[in-house]
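Biologist: I am new to this structure and would like to learn how to read it. Could we start from a single residue and work outwards?

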Amino acid sequence: MILCSGCFDCLHAGHTRYLAAARALDPAALLVVAVAPDAYIEAVKGRRPYWSQVGRMQTVASLSGVDGVIAQKEPSVATLIRQLGPRWFVKGPDWRETLPSDVIAACESVGCEMVFTDTEDRHTSEAMPA
C-alpha cells in the first residue's frame, strides 16, 4: 500500500502531480489518500477550509489512480500510518525538511519507507485567495 496525506483544499495541479508520482512507485499497489481534518487547516493556514473534509475526500476519490480515501481524524497522520502499515508513505518535496518527528517515528515503527516526490517544490495552494 502507498499512503499519501494532505489538505487538498483547493485541489490543484501540484496535488495531482504528487499523487501521480506516488502511484508511479508501484502501479499494482493500493494508493490510499488521507485527507486532513478541517481543524488542521484552520490551525495551519489560519482560515477555514474552502471545502469540508467530506467534500475534499469526494474530490480526491474521483481522481484516476486513487484507490481509497480515508478521513484523517487527528492533526498528525502518524496514527493512520501505525494502523495501516503502508509500504510507502509519500509526501511532496516541501515536506523533506519539515516532516514532523512523530510521522517519521510512525514510519520507522512499521517499516514504512518515506518517499518525497520531486514534483513542484512550493505550496501552490498558498497562492489561492484568502
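Modeller: Gladly. Let's begin with Ala71, which is found in strand S3. Strands are DSSP runs of E with at least two residues, helices are runs of H or I with at least four, and both are numbered from the N terminus. This is a predicted model, in which local features need pLDDT of at least 70 and side-chain atom pairs count only at pLDDT 80 or more, while totals for chains, interfaces and linings use all residues. Residues are numbered from 1 along each chain as its sequence is written, and side-chain values use heavy atoms, with hydrogens and water left out.

Biologist: Which residues is Ala71 in contact with, beyond its neighbours within four places in sequence?

Modeller: Contact means heavy atoms within 4.5 Å. By that rule Ala71 is in contact with Val35, Gln53, Met57 and Leu80, leaving aside neighbours within four places. You can also compare sequence with space: Ala71 and Val33 are 38 residues apart in sequence, and their C-alpha atoms are 8.6 Å apart.

Biologist: How do I read the sheet, and in what order do its strands come?

Modeller: In general, strands of a sheet pair through backbone hydrogen bonds, either parallel or antiparallel. Here two strands pair if DSSP finds at least two bridges between them. Five strands make an open sheet with parallel pairing, in the order S3-S2-S1-S4-S5. S3 (68-71) and S5 (113-116) stand at the edges with a single partner strand each, so one side of each has no neighbour in the sheet. Neighbouring strands are turned against each other by 25° on average, direction ignored. For such angles, axes are lines fitted to C-alpha atoms (for helices, over the stretch in contact), and values run from 0 to 180 degrees between N-to-C directions.

Biologist: How many bridges join S2 to S3, and which helix packs on the sheet?

Modeller: S2 (residues 31-35) is joined to S3 by four bridges, and the two run parallel. In this pairing Val35 stands opposite Ala71. Helix H1 (residues 13-25) packs on the sheet and touches S1 (2-6), S2, S4 (88-91) and S5, its direction making about 165° with that of S1.

Biologist: What about S4 and S5: how many bridges pair them?

Modeller: Four bridges pair S4 with S5 in the parallel sense, with Lys91 standing opposite Phe116 in S5. Together S4, H5 and S5 make a right-handed β-α-β unit. Right-handed means that, with the strands pointing away from the viewer, the path from the first strand over the helix to the second runs clockwise.

Biologist: Gly111 lies in the loop between helix H5 (101-110) and S5. Is Gly111 buried or exposed?

Modeller: We call a residue buried under 20% relative accessible area, exposed over 50% and partly exposed in between (1.4 Å probe, protein chains only). Gly111 has 63%, so this glycine is exposed. The C-alpha atom of Gly111 lies 7.3 Å from that of Arg87, 24 residues away along the chain.

Biologist: What does the backbone do in the loop between S1 and H1?

Modeller: Phe8 is in that loop and has phi near 60°, a positive value in a residue other than glycine. Further along, a cis peptide bond joins Asp9 and Cys10, with omega about -10°. His15 of helix H1 is in contact with Phe8, Asp9 and Cys10, again leaving aside neighbours within four places. His15 is buried, at 12% relative accessibility.

Biologist: How many aromatic pairs does a search of the whole structure find?

Modeller: Rings of Phe, Tyr and Trp (its six-membered ring) pair if their centres lie within 6.5 Å; planes under 30 degrees apart are stacked, over 60 edge-to-face, the rest tilted. The search finds one pair. The ring centres of Phe8 and Tyr18 are 6.4 Å apart with planes at 15°, so this pair is stacked. Because Phe8 lies in the loop between S1 and H1 and Tyr18 in helix H1, the pair ties together parts 10 residues apart in sequence. Phe8 is buried at 3% relative accessibility, and Tyr18 is buried at 7%.

Biologist: Last one: how many disulfides are found?

Modeller: A disulfide needs two cysteine sulfur atoms within 2.5 Å, and the whole structure has zero. For Cys4, the closest cysteine sulfur belongs to Cys112 at 10 Å, which is too far for a bond. Cys107 is in no disulfide either, since its nearest cysteine sulfur, also in Cys112, is 4.0 Å away. Cys4 is buried at 0% relative accessible area, and Cys107 is buried at 0% too.
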